[in-house]
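Work through the exercises below with the sequence and the 3D view open. Try each task before reading its solution.

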Amino acid sequence: MQPIVIIPARLAATRLPNKPLADIEGVPMIVRVLRQAQAAGVGPVAVAAGDSAIVEAVEAAGGRAVLTDPDLPSGSDRIIAALAELDPEGRHDVVINLQGDMPFLKASALTDCAQLLADHPDCDIATIVEAETSPEIRTNPDAVKAVLALQPDGRTGRALYFTRSTLYGDGPVWHHHGVYAYRREALLRFAAAPPSPLERREKLEQLRAMELGMTIWAAVVDATPISVDNPADLERARAHARALGSQ
């Protein structure tokens, strides 16, 4: 496989405007995400930017960025636009979508996703989950839950469904995080399809892929990735950076 990691980012976020450029202990958040992706070593890394200010921040840090149309409707569309410029020959057969708001994601999350595609020829898309960290996860509609056919190793599973609804019964509840590794043809097929009924109902675009008949596998990660969606998350990320700096 020849993976490429692309990080979609734009400034127009309703809950935290200018989020990619938010300062986290002297480093813009998008640069921290870029560095984590580079540390994984799974392939070249680029940012699909919706704004020139993001391009400037990434290039100032020595990274690669592609300016895309700011009116593109989704991160997937932004990735495809950047991919057309970065790899028009189609050399990269795996595209990893890393959200630009995960500044401390462990490099192993990306390598685990890539490994799932290598291990399972039927896998169209790979992603990550973690075991619920609190009882509130089960009932929180902002916490996306994955229903998995867990493998005997307890570390991987085929996804049966994703939902915002409350899950009942014994057994772990898997908290899904938005890191995706696509086979390139799966990404293009997914992006070309209109939103599906279940996607619109749950407001979860991975359900479009499942309704198209695609197979999604998930790897279990141990550490909770910090996702920065609002000012409180940003303060938590800054505190985490300070803690790392004092170690």
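The exercises cover aromatic rings, an arginine, two helices, cysteines and a loop residue.

This is a predicted model, in which local features need pLDDT of at least 70, side-chain atom pairs count only at pLDDT 80 or more, and totals for chains, interfaces and linings use all residues. Residues are numbered from 1 along each chain as its sequence is written, and side-chain values use heavy atoms, with hydrogens and water left out.

**Exercise 1. Find the aromatic pairs and classify them.**

Step 1. Set the criterion. Rings of Phe, Tyr and Trp (its six-membered ring) pair if their centres lie within 6.5 Å; planes under 30 degrees apart count as stacked, over 60 as edge-to-face and the rest as tilted.

Step 2. Count. The structure holds two aromatic pairs.

Step 3. Take Tyr-180 and Tyr-182. Their centres are 5.9 Å apart and the planes meet at 40°, a tilted pair.

Step 4. Take Tyr-182 and Phe-190. Here the centres lie 6.1 Å apart and the planes are at 40°, so this pair is tilted.

Step 5. Join the pairs. Tyr-180, Tyr-182 and Phe-190 are linked into a cluster.

Step 6. Check burial (buried means under 20% relative accessible area, exposed over 50%, partly exposed in between, with a 1.4 Å probe and protein chains only). Tyr-180 has 8% relative accessibility, so it counts as buried. Tyr-182 is buried at 3%. Phe-190 is buried, as is Tyr-182.

**Exercise 2. Place Arg-208 and describe its surroundings.**

Step 1. Locate the residue. Arg-208 belongs to helix α8 (residues 206–211). Helices (H or I, at least four residues) and strands (E, at least two) are DSSP runs, numbered from the N terminus.

Step 2. Check its exposure. Its relative accessibility is 10%, so Arg-208 counts as buried.

Step 3. Look at the ring. Arg-208 lies over the face of Phe-190, 4.2 Å from the ring centre. The rule asks for NZ of Lys or CZ of Arg within 6 Å of the ring centre and within 35 degrees of the ring normal.

Step 4. Follow the side chain. It reaches the backbone oxygen of Ala-193 at 3.2 Å.

Step 5. List contacts (heavy atoms within 4.5 Å). Leaving aside neighbours within four places in sequence, the partners of Arg-208 include Phe-190, Pro-194, Pro-195 and Glu-199.

**Exercise 3. Show how α6 and α2 divide into buried and exposed sides.**

Step 1. Start with α6. Its buried residues are Arg-184, Ala-186, Leu-187 and Phe-190. Down the axis they fall within an arc of 160°, so they line one face of the helix. The arc is that of the directions from the helix axis to the C-beta atoms.

Step 2. Turn α6 around. Glu-185 and Ala-192 are exposed on the other side.

Step 3. Find the cover of α6. It includes α3 (75–86), β6 (94–98), β10 (174–183) and α8.

Step 4. Add Arg-189, which lies in α6 (residues 184–192). Arg-189 is partly exposed, at 44%. Beyond its neighbours within four places in sequence, Arg-189 contacts Leu-212 and Met-214.

Step 5. Repeat for α2 (residues 52–60). Ile-54, Val-55, Ala-57 and Val-58 are its buried residues. They fall within an arc of 165° seen down the axis, so they line one face of α2.

Step 6. Complete α2. Exposed Glu-56 and Ala-60 sit on the face turned away from the buried side. The cover of the buried residues includes β1 (3–9), α1 (29–40), β4 (45–49) and β5 (65–67). Gly-62 follows α2, with a positive phi near 85°.

**Exercise 4. Count the disulfides and account for Cys-113 and Cys-123.**

Step 1. Apply the rule (a pair of cysteine sulfur atoms within 2.5 Å). The count is zero disulfides.

Step 2. Check the distance. Cys-113 is in no disulfide, and its nearest cysteine sulfur, in Cys-123, is 8.7 Å away. For Cys-123, the closest cysteine sulfur is that of Cys-113, too far for a bond.

Step 3. Check burial. Cys-113 is buried at 0% relative accessibility. Cys-123 is also buried, at 0%.

**Exercise 5. Describe the setting of Asp-93.**

Step 1. Locate Asp-93 in the loop between α3 and β6. Asp-93 is partly exposed, at 35%.

Step 2. Look across the chain. Asp-93 and Glu-185 are 92 residues apart along the chain, with C-alpha atoms 7.8 Å apart.

Step 3. List contacts. Outside four places in sequence, they include Met-1, Tyr-182 and Arg-184.

Terms used:
Polar contact = N/O pair within 3.5 Å; in protein donor to acceptor, adjacent residues only side chain to side chain.
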